[in-house]
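Thanks for coming. I will take a few minutes on one structure, starting with a sheet, then some charged pairs, then a few single residues.

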Amino acid sequence: MAYSLLVMKFGGTNMQDARAIRHSASLAARSVREGVRVVVVVSAMAGVTNGLLRLADAAQAGDIASANDEIAALRTRHFTAAQELGAAPDSPAVREIREMHETLRQAVYGVYLLRELTPRSRDLIVAFGERLSAPLMSLALEQSGLRARHLTGGEAGILTDAHFGNARPLSGTYGRIRDRLSGLFAADVTPVIAGFMGETEQGALTTLGRGGTDFSATIVGKALGADEVWAWKDVDGVMSADPRVVRDARNIGVLSYGEVMELAYFGAKVLHPLAVTPLQESGIPLRVKSAADPDFPGTLVQARPHEEDGHPVKAVTAIRGVSLVNVSGAGALGVPEVVSSVFAAIARENVTLLMVSQSSSMSNVSLAVPSVDEARTVAALRAGITGELNVEVQGGVAVLAIVGSGMRGQKGVSARLFTALAEGDVNILMISQGSSELNISVALGGAEVDRATQAVHAAFGLGTAVPAAD
């Protein structure tokens, strides 16, 4: 199809060095030369976000030497990329990168002096990854003959709430983005937006959660009424399973918004779980494409489900590092207030619930939470619920989920899942299925998750060979 406006997001591996950035810029430039308006949204260089988190934690712990070593390594890496992209030592881009590293150093030193890393300070520090990669993409676009201008998420118009570390866009965001980018389009300038971030109404920098550059791109896509949003990755698209675990995992041609949200939520790292939410109202498609094979169509994410004969399930995915928290006791029997207090305690701590299961007598409520939140969850429950109730924890768990809109009304899907797990000698600890029938999820031992994924993927015939319909 012919496009008039595309939003292109480039992930960390497509921004990892000068060579990768130059290639990514060439993909955007190719569309611009075909008469398409393009907005580029960039991630941090591969590994930089983790490095920034490490140095922030080191500063909080009082290890300013380690933090400064990490800053020096980041500085060298970004200067090297700028030089290889043709920037002179006294160029505006190099001066800007130098100034940003100095600001980063000052922010980190403040954390060190206070020995306190607030969510707001962490956001400021971790967002430097994208802020530093945006000038590099502008350089590469200009080297390819285009005019480009880089902006932070806030400068581009992304206005968020003050939920630092996991901010959400406010309704005024979309009009602000249109206003701020329209002048660049009128001047034939390609906007380059640092992803993953926005700003509050008071101008404080916020981040949208890990993987939030996808979210930035779809927010911009909705604001501008883009024809499509393209998420350039280092894979062919969304796969039927993690290819590192399942050797015959295949690319999925078409997914619905609902399916891709379930996959992202249950561990598939291809997209941010909320990436498609801005697109749903307007029906803008999202396409996941491989930068290594740009002519391959990848995975198209759209409003309508697309059924494949013999494939009620589209993919198998898993979350590792999970703990099960079990709340039980006679005090909970038939008392709705107990269940209410459980969820209220979890909500106050802002803990992500991966699965919930409750016995019909209400004497037992089981919760699956990320292991990193285990201690907070247990403390919140013990403080927030009354009566003679037991709170027990089982760590070392994983959650496996099968996802597909074709499961709706389809008989035998659960039976095939449980048979595959039983034949693979995998013990199920907990089961959950929503009434939408988009997924069935099970908790199992973390050591068994790879074997379970392989068994379930084979049982549903999700490999390269497409099975005949039942």
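Before the sheet, one rule: two strands count as paired if DSSP finds at least two bridges between them. With that rule, strand 11 and strand 14 are an antiparallel pair with eleven bridges. One point of register in that pair is Leu 324, which sits opposite Gln 394 of strand 14. Keep in mind throughout that this is a predicted model.

Now the sheet as a whole. In what order do the six strands of the open sheet run? The order is 12-13-11-14-16-15, and the pairing is antiparallel. Strand 12, residues 355-358, and strand 15, residues 428-433, stand at the edges; each has a single partner strand, so one side of each has no neighbour in the sheet. From one strand to the next, the twist averages 30°.

Going through more of the pairs, strand 12 and strand 13, the latter covering residues 364-370, are antiparallel over four bridges. There, Met 355 faces Ala 368 in strand 13. Strand 14 and strand 16 are also paired in the antiparallel sense, over seven bridges. In that pair, Val 397 is opposite Gly 445 of strand 16. As a general reminder for reading such positions, side chains in a regular strand alternate between the two faces of the sheet.

What lies across the sheet strands 11, 13 and 14? That is helix 13, residues 374-384, and its direction makes an angle of about 125° with strand 14.

Next, the residue I would point to inside this sheet. Ser 441 belongs to strand 16, residues 439-445. Is Ser 441 buried or exposed? Its relative accessibility is 2%, and the cut-off for buried is under 20%, so Ser 441 counts as buried. Leaving out residues up to four places away in sequence, Ser 441 touches Phe 266, Met 355, Val 399, Leu 400, Ala 401, Met 430, Ile 431 and Ser 432. Met 355 has come up before, as the residue opposite Ala 368.

A little further along is Glu 448, in the loop between strand 16 and helix 15, the helix of residues 449-459. Glu 448 has a relative accessible area of 18%, which puts it in the buried class. Its contacts, again not counting residues up to four places away in sequence, are Asp 425, Val 426 and Asn 427. Glu 448 and Ala 398 are separated by 50 residues in sequence, but their C-alpha atoms are 8.4 Å apart.

On to the charged pairs. In general, side chains of opposite charge can pair when their charged atoms come close. The rule used here asks for a side-chain nitrogen of Lys or Arg within 4 Å of a carboxyl oxygen of Asp or Glu. By this rule, the count is 15 salt bridges.

I will take three of them. Asp 295 and Arg 30 form a salt bridge at 3.5 Å, N to O. This pair links distant parts of the chain, 265 residues apart: Asp 295 is in the loop between strand 9 (286-290) and strand 10 (299-302), while Arg 30 is in helix 1, residues 18-33. Asp 295 is exposed at 65% relative accessible area, whereas Arg 30 is partly exposed at 35%.

Glu 70 and Arg 54 form another salt bridge, at 3.2 Å, N to O. Glu 70 is in helix 3 (residues 64-84) and Arg 54 in helix 2 (residues 48-60), so this bridge ties together parts 16 residues apart in sequence. Arg 54 is partly exposed, with 48% relative accessible area.

Then there is Glu 228 with Arg 287, at 3.0 Å, N to O. Glu 228 is in strand 7 (residues 228-233) and Arg 287 in strand 9, so the parts tied together are 59 residues apart in sequence. Both Glu 228 and Arg 287 are buried. Separately, Lys 9, Asp 214 and Lys 233 are joined into one network by salt bridges that share partners.

Last, the surface. Which residues form a nonpolar patch there? They are Tyr 109, Leu 113 and Leu 114, with about 340 Å² of accessible area together. Leu 114 is in helix 4, residues 92-114. With 62% relative accessibility, Leu 114 is classed as exposed.

That is the end of my part; I will take questions.

Note on methods. Residues numbered from 1 in each chain as written. Predicted model: local features only at pLDDT ≥ 70, side-chain atom pairs only at ≥ 80, totals over all residues. Heavy atoms only, no water. Helix = DSSP H or I, 4+ residues; strand = E, 2+ residues; numbered from the N terminus. Axes fitted to C-alpha atoms, helices over the stretch in contact; angles between N-to-C directions. Contact = heavy atoms within 4.5 Å. Patch = residues over 30% accessible without salt bridge, like charges linked within 9 Å, V, L, I, M, F, W, Y side chains within 5 Å. Areas by Shrake-Rupley, 256 points an atom, 1.4 Å probe, with all protein chains shown as cover. Buried < 20%, exposed > 50% of the residue type's maximum accessible area, 1.4 Å probe, protein only.
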